Amino acid sequence: MPESQTVREALNKKGAYGKDLDLEHYDVRADETIEVDDLEKSEYRKYMENVGVVANEIERSGTMMFIDNNPSHCSPKIQEGLEVMSVKDAMKKYDGLTDYYWKAVEPTKDKYTAKTYLEDGNGYFVRVKAGYHIKYPLQTCMLMNMNRSIQNVHNIVIVEDNASLEMITGCSTAHADDSLHVGVSEIFIGDNSSLSFSMIHSWGKQTGVRPRTGTIVGKNSNYVNNYVILNPVGSLQSFPAAYLSDGASATYNTMCIAHENSEVDTGGLVYLNGRKSKAEIMSRSISMGGKLTARGRMVGNAPEAKGHLECRSIILKDGGSTMAIPELEAHIADVEMTHEAAVGKIARDQIEYIMSRGLSEDEAVSMIVKGFLSGGSINGLPPELKKELDEAIAAANVGD
């Protein structure tokens, strides 16, 4: 663990990408514990369900919920082979979690990780024991409830050897439009295992969002990361990293809309460190007057590694911007990596074709956009989440 003084110095270290946010602006300590016993009767239910967290928990293996900086709900019934608790409770149970605590994300990465480290941020701890395959998705929810506050959460997910898990994480603001979410997540996947980690986010128009995620993927294991944000946000910057062992694979799928006055900077980074490791980074994004950046980077460090990177963006309104930044880096000869990027407007002939079927121009544009964002373009979504995502897209006011 780094010395506290070294981390304090990192409080002045800007993030590598995205707008630099002033931590001093957020001066409220949101440390009150708000207990939620019954999710279905909770005043926060609508915020949860808006980001894919099911209040009745049907076909879910459990729920862990944080409001601001403290746990609020943890399901009493958890499937055999699955552990869910707060990180602080896990540190007591497992003698400090020394093999995992701040091992996949560096505390001195930037001011946001440093802040979370120094404030000893709590978060959810999820562990799947070796040999267990969890039948239903586990859901977690992060809500922010106080203006001018920072939510500093530090999550740890462990999927041991020969195990599997699907997670759905929903994040939203309840009464905290002008606030900052910093979510540090460290994910460890053992050998011959799999994890599908899907996030749906719905923030406020002034909210700052700075997730910091590192994932270590074991031999012959599979990791799928799905990130979805369709609603306005103030400033969002996310560039999660995965480190692949021999025969491992990783897939990053990003779907986002940058509304007017929103700044969205998303993507994924994969280190192909193992022989025959594979990666795919896919992005679908739309600028509706906001500033949008789609990043993807792959680093080939091992023989027979393969990767593909694809960024597709549509501009619907003038005044915003969109930028695709694909990067491929190889350090040995025996790697195969490709990329494809496309930025532009909707083709006029597509609009006219649909209009010839009796729809107005606005209806034609809306249909094309919703097809572009269709959940079918994201591989690896849990069926329940795909259904909810398709319904959210159908109801969204995009292209109208």
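This report walks through helix H4, its salt bridges, a charged surface patch and a few loop residues in a predicted model.

## Helix H4 and what surrounds it

A good place to start is helix H4, which spans residues 111-118. Of its 8 residues, 6 are buried, so the helix is largely enclosed by the rest of the structure. If you would like to find them in the viewer, the buried ones are Lys111, Tyr112, Thr113, Ala114, Thr116 and Tyr117. Which elements provide the cover? Among those lying over the buried residues of H4 are H1, strand E6 (150-159), strand E8 (180-189) and strand E11 (212-217).

## Salt bridges around H4

Across the whole structure, a search finds 17 salt bridges. Three of them are worth a visit here, and the table sets them side by side.

| Acidic residue | Basic residue | N to O distance |
|---|---|---|
| Aspartate 20 | Lysine 111 | 2.9 Å |
| Glutamate 119 | Arginine 29 | 3.0 Å |
| Aspartate 110 | Arginine 212 | 2.8 Å |

Let us take the pairs in turn. Aspartate 20 and lysine 111 meet through their side chains in a salt bridge. Aspartate 20 belongs to the loop between H1 and H2, while lysine 111 is part of helix H4, so this pair ties together parts that are 91 residues apart in sequence. The two partners sit in unlike surroundings: aspartate 20 is partly exposed, with a relative accessible area of 36%, whereas lysine 111 counts as buried at 8% relative accessibility.

Next comes the salt bridge between glutamate 119 and arginine 29, whose closest N and O atoms are 3.0 Å apart. Glutamate 119 lies in the loop between H4 and strand E4 (124-128) and arginine 29 in the loop between H1 and H2, so the link joins parts that are 90 residues apart in sequence. Here glutamate 119 is partly exposed, with a relative accessible area of 31%, and arginine 29 counts as exposed at 54% relative accessibility.

The third pair is arginine 212 with aspartate 110, where the closest N and O atoms are 2.8 Å apart. Arginine 212 is in strand E11 and aspartate 110 in the loop between helix H3 (87-93) and H4, so parts that are 102 residues apart in sequence are tied together. Are these partners buried or exposed? Arginine 212 counts as buried at 4% relative accessibility, and aspartate 110 is buried too, with a relative accessible area of 2%. Salt bridges that share partners also join Arg29, Asp31, Lys115 and Glu119 into one network.

## A negative patch on the surface

On the surface, Glu35, Asp37, Asp38 and Glu40 gather in a patch of negative charge. Glutamate 40 lies in the loop between helix H1 (4-9) and helix H2 (45-49). With a relative accessible area of 40%, glutamate 40 is partly exposed.

## Two buried valines in contact

Now for a pair of valines. Valine 233 is placed in the loop between strand E12 (222-229) and strand E13 (235-237). Despite that loop setting, valine 233 is buried, with a relative accessible area of 1%. Leaving aside neighbours within four places in sequence, its contacts are Trp203, Gly204, Lys205, Thr207, Val209, Asn261, Ser262, Glu263 and Val264. Glutamine 206 is 27 residues away from valine 233 in sequence, yet their C-alpha atoms are 6.2 Å apart in space.

Valine 264 is in strand E16 (residues 263-272). It is buried as well, with a relative accessible area of 2%. Again setting aside neighbours within four places in sequence, valine 264 touches Val233, Leu236, Cys256, Ile257, Ala258, Lys291, Leu292 and Thr293. Valine 7 is 257 residues from valine 264 in sequence and 27 Å from it in space, C-alpha to C-alpha.

## Positive phi angles in two loops

Finally, which residues have a positive phi without being glycine? One is aspartate 120, with a phi of about 55°. Aspartate 120 lies in the loop between H4 and E4 and is partly exposed, with a relative accessible area of 36%.

Another is asparagine 261, whose phi is about 75°. Asparagine 261 is found in the loop between strand E15 (249-259) and E16. With a relative accessible area of 67%, asparagine 261 is exposed, and it is also among the contacts of valine 233.

Terms used: Residues numbered from 1 in each chain as written. Predicted model: local features only at pLDDT ≥ 70, side-chain atom pairs only at ≥ 80, totals over all residues. Heavy atoms only, no water. Patch = residues over 30% accessible without salt bridge, like charges linked within 9 Å, V, L, I, M, F, W, Y side chains within 5 Å. Areas by Shrake-Rupley, 256 points an atom, 1.4 Å probe, with all protein chains shown as cover. Salt bridge = Lys/Arg side-chain N within 4 Å of Asp/Glu carboxyl O. Lys, Arg positive; Asp, Glu negative; His and termini not counted. Charge placed at Lys NZ, Arg CZ, Asp CG, Glu CD. Helix = DSSP H or I, 4+ residues; strand = E, 2+ residues; numbered from the N terminus. Buried < 20%, exposed > 50% of the residue type's maximum accessible area, 1.4 Å probe, protein only. Contact = heavy atoms within 4.5 Å.
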